[in-house]
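Here are a few exercises to work through with the structure open beside you. Try each task before you read its solution.

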Amino acid sequence: MPTARDQALLSACKRHELMLPRCKDCGRFHFYSRAVCPNCWSSSLEWVKANGRGNLYSYVINHRPAPCFESQAPYVIAIVELDGGVRMMSNLIGVDPDPAKLPVDMPLEATFEDASPEISLPRFRPAQR
Ligand SMILES: [Zn+2]
């Protein structure tokens, strides 16, 4: 069940936009959302629209999926370092789950999967730039 604090992120994803929490005092982004800034402990936070760009920080190719995801295996579970310096766990799409095609630092961009009428999930694909 999403918390009220995460509703901005979920609503943005439904609009196919990525939002990140940012501290109004020190100006730094963080992710996941928290009640206070993990850098300066300020509770003065805001949600800011992110450009959805980042780079592949790390990944694993999952060959043993969780129940209900068997048809998608193998798939890439990635840590994406977003512009702004925060890291988000997600899946990569639009690229084969092959280490030769997954160089660390490859440019990525957010895309969205409509998982249900209410929920859209952020995914990442190789950047088209
Ligand atoms: Zn701060």
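**Exercise 1. In this predicted model, find which residues have the most contacts inside the largest nonpolar core.**

Solution. Start with the core itself: the largest one has 15 residues. Within this core, the residues with the most contacts are L18, M19, A50, A78, V80 and F124. Next, see where the core comes from: at least two residues each are supplied by α1, β1, β4 and β6 (107–114). Of the contributors, β4 gives the most, with four residues.

**Exercise 2. List the contacts of A78, leaving aside its neighbours within four places in sequence.**

Solution. Call up A78 and set those sequence neighbours aside. What is left is L56, Y59, S90, N91, L92 and F124. One of these partners, F124, is itself listed with A78 among the residues with the most contacts inside the largest core.

**Exercise 3. Decide whether I79 is buried, partly exposed or exposed, and list its contacts beyond four places in sequence.**

Solution. First, place I79: it is in strand β4. Second, count the other C-beta atoms within 10 Å, which come to 14. A buried residue needs 20 or more and an exposed one has 12 or fewer, so I79 is partly exposed. Third, the contacts of I79 outside its sequence neighbours are Y57, S58, Y59, R87 and M89. Finally, take the pair I79 and L92: 13 residues separate them in sequence, and their C-alpha atoms are 9.5 Å apart in space.

**Exercise 4. Where are H16 and C68, and how exposed is H16 and C68?**

Solution. Begin with the backbone: H16 is not a glycine, yet its phi is positive, at about 60°. H16 sits in the loop between α1 (7–14) and β1. With 14 other C-beta atoms within 10 Å, H16 is partly exposed. Turn now to C68, another residue that is not glycine, whose phi is positive and near 85°. The loop between β3 and β4 holds C68. C68 has 7 C-beta neighbours inside 10 Å, so it counts as exposed.

**Exercise 5. Work out what kind of peptide bond joins F31 to Y32 and A73 to P74.**

Solution. Check omega for each bond. From F31 to Y32, omega is near 15°, and the bond is cis. Y32 belongs to the loop between β1 (18–23) and β2 (45–50). Between A73 and P74, omega is about -5°, and this bond is cis too. P74 lies in the loop between β3 (53–62) and β4 (75–82).

Definitions and conventions. Residues numbered from 1 in each chain as written. Predicted model: local features only at pLDDT ≥ 70, side-chain atom pairs only at ≥ 80, totals over all residues. Core = buried A, V, L, I, M, F, W, Y, C linked by C-beta atoms within 7 Å. Contact = placed C-beta atoms within 7 Å.
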